[in-house]
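Dear colleague,

Please find the structure below, handed over for you to look through at your own pace. My notes on what was found follow it.

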Amino acid sequence: MRGGRGASPFGLGGRGATSEAGRPFSPKPCCPALLAIVLLAFLTTALAQSWQTTRAPGFVLQTASAEDARHLSEVFGILQRTRRDLIVAGYHPPALVRVVVHPNLKSYTTATRLPWFVLSAANRIKNQIDSQRLRVLLERKSLERTLRHELFHLAQPEGWPRWKAEGMAMRFAGDQPSARPLENISEAELERLLTNPPNQETLNRAMATAFLWVGRLQTSNRGSEVEGSRP
Ligand SMILES: [Zn+2]
């Protein structure tokens with residue numbers, strides 16, 4: 001899971017939706033049945049997405065917009081490099097990973113049931129990464145870090161607490177969280193906020209906390225290794 005930064009760029013509340021209240025009604029009568037058919041036809045066309053599937057060794061990439069499809073080779077390059085880096089680091093990425101780049105926010109939130117401010121997610125059962133439009137990631141200069149982060153989640157060991165998984169994924173991806181870590185927070189509360197973040201700021205602070213805790217864990221592990229190596 002990766003959160004976004006800054007204000008929502010996704011037009012929450014409906015792009016271009018404007019209230020019709022206050023406008024004078026047309027005096028012409030309108031057949032409700034015809035209107036329903038026209039609306040249904042419009043919605044069917046709007047919701048129909050022609051998914052394009054592209055394959056490379058170890059990965060299947062699904063896109064549904066020409067704009068995203070332009071970045072296919074870049075995405076595959078990042079995924080292949082990340083897989084190699086994970087293996088070198090001792091992790092076990094799945095043999096086949098599906099990456100689904102959603103063409104709009106509605107498609108993404110419907111598929112993942114995540115809020116708009118979570119930009120991407122990894123499903124360890126399906127070995128699948130779901131992402132918002134690539135342009136959203138490219139504008140934040142976070143395409144590579146996002147893919148590395150999510151692929152890490154698919155390769156991480158079973159049974160890690162959520163904070164450890166997020167902190168380790170951020171460190172593997174090269175993230176440097178700028179949010180202020182949460183203070184005096186219990187592990188259970190941090191787990192709850194990471195699993196079900198109420199808003200973007202809290203998610204960013206919870207992720208920064210996970211990053212900090214993993215840093216401390218790694219420092220103490222190094223300390224005990226040095227301790228253990230003493231005669
Ligand atoms: Zn994550």
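The largest nonpolar core, that is, a set of buried Ala, Val, Leu, Ile, Met, Phe, Trp, Tyr and Cys residues joined through C-beta atoms within 7 Å, has 36 residues, and those with the most contacts inside it are Leu-151, Ala-206, Met-207 and Ala-210. Here a residue is buried if 20 or more other C-beta atoms, placed from the backbone, lie within 10 Å of its own. Among the elements that each supply at least two residues of this core are helix 3 (72–88), helix 6 and helix 9 (200–229); helices are DSSP runs of H or I with at least four residues, and strands are runs of E with at least two, numbered from the N terminus. Because domain 1 (49–156) and domain 2 (159–222) both give residues to the core, it lies between them, with the bounds taken from an automatic or database domain assignment.

Please bear in mind that this is a predicted model, in which local features need pLDDT of at least 70 and side-chain atom pairs count only at pLDDT 80 or more, while totals for chains, interfaces and linings use all residues. Residues are numbered from 1 along each chain as its sequence is written.

Helix 6 (residues 143–155) is mostly covered, with 11 of its 13 residues buried, and Leu-151 and Phe-152 are among them.

Six strands form an open sheet in the order 1-5-6-4-3-2, with mixed pairing, where two strands pair if DSSP finds at least two bridges between them. Strand 4 and strand 6 (residues 128–131) run parallel and are joined by four bridges.

With best wishes

How values were computed
A residue is buried if 20 or more other C-beta atoms lie within 10 Å of its own, exposed if 12 or fewer, and partly exposed in between; C-beta atoms are placed from the backbone.
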